[in-house]
Amino acid sequence: DPELVAAGENVFKKCKACHQVGEGAKNRVGPMLNGVVDRQVGAVDDYKYSAAMQEAAEGGMVWDDETLHGYLADPKGFLPKNKMAFAGLKKTEDIDAVIAYLRAHP
Ligand code: HEM
């Protein structure tokens, strides 16, 4: 849905302080997010994740619709001690939109 992707690009402005996506995306404060949807958590090779994120990765957690909704609504509540310093997105539709945007950047 191109409209949802466009809405997600707008929501992603809140993420850009720390994340890049698209051609040439690099790790910054947070890991680059190309291909993150449906991938195992903590899987960008040259990024140093928190211990909490590494443990979730070792447990086999994957970033799908459900886990992304949980994490993006309440990053610290969903994954205690992870290091993403972001309050979270209040609106479910904003989370749907940003997931669609990320999904459009495989
Ligand atoms: C990790 C998404 C905002 C800093 C992540 C991950 C996702 C994500 C999916 C996990 C990546 C992976 O497993 O490879 C988003 C989205 C945001 C957002 C969609 C906006 C809605 C921010 C902001 C910051 C930030 C504003 C900085 C203030 C980080 C950091 C990590 C991370 C440091 C690594 C966490 C750890 O290793 O514990 N983010 N993020 N993010 N993000 Fe964000």
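Trainee: Which oxygen contact does the S50 side chain make with the ligand, and at what distance?
Mentor: In this predicted model, a polar side-chain atom of S50 lies 2.5 Å from an oxygen atom of the ligand.

Trainee: Where is S50 in the fold?
Mentor: S50 sits in the loop between helix 1 and helix 2.

Trainee: Is S50 buried or exposed, and why?
Mentor: S50 is classed as buried because its relative accessible area is 10%, and the cut-off for buried is under 20%.

Trainee: What does S50 touch within the protein?
Mentor: Leaving aside residues up to four places away in sequence, S50 touches K81, N82 and K83. In addition, a polar atom of the S50 side chain lies 3.1 Å from the backbone nitrogen of M53.

Trainee: Back to the ligand. Which other polar atoms are listed with its oxygen atoms, say for G42 and W63?
Mentor: A polar backbone atom of G42 is 2.8 Å from an oxygen atom of the ligand. For W63, an N or O atom in the side chain is 2.7 Å from an oxygen atom of the ligand.

Trainee: Which residues come nearest to the ligand?
Mentor: There are 24 residues around the ligand, and C15, C18, H19, S50 and M84 come nearest.

Trainee: Now the iron atom. Which protein donors does it have?
Mentor: They are H19, through NE2, and M84, through SD, lying 1.9 to 2.1 Å from the iron atom of the ligand. H19 is in the loop between helix 1 (2–11) and helix 2 (51–58), and M84 is in the loop between helix 4 (75–78) and helix 5 (92–103), so the pair, 65 residues apart, links distant parts of the chain.

Trainee: Are H19 and M84 buried or exposed?
Mentor: Both H19 and M84 are buried.

Trainee: What is the geometry of the iron site?
Mentor: The site is octahedral, with angles of 87 to 179 degrees among its six donor atoms.

Terms used:
Residues are numbered from 1 along each chain as its sequence is written. This is a predicted model: local features need pLDDT of at least 70, side-chain atom pairs count only at pLDDT 80 or more; totals for chains, interfaces and linings use all residues. Side-chain values use heavy atoms; hydrogens and water are left out. Donors are N, O and S atoms within 2.8 Å of the metal (3.2 Å for Na, K and Ca); water is not among the atoms, so sites may look incomplete. Four donors count as tetrahedral if all angles lie between 85 and 135 degrees; four count as square planar and six as octahedral if opposite donors are over 155 degrees apart and all others between 65 and 115; anything else is irregular. Helices (H or I, at least four residues) and strands (E, at least two) are DSSP runs, numbered from the N terminus. Buried means under 20% relative accessible area, exposed over 50%, partly exposed in between (1.4 Å probe, protein chains only). A polar contact is a pair of N or O atoms within 3.5 Å; within protein, one must be able to donate a hydrogen and the other to accept it, and residues adjacent in sequence count only if both atoms are side-chain atoms. Contact means heavy atoms within 4.5 Å. A residue is near a molecule or strand if one of its heavy atoms lies within 4 Å of it.
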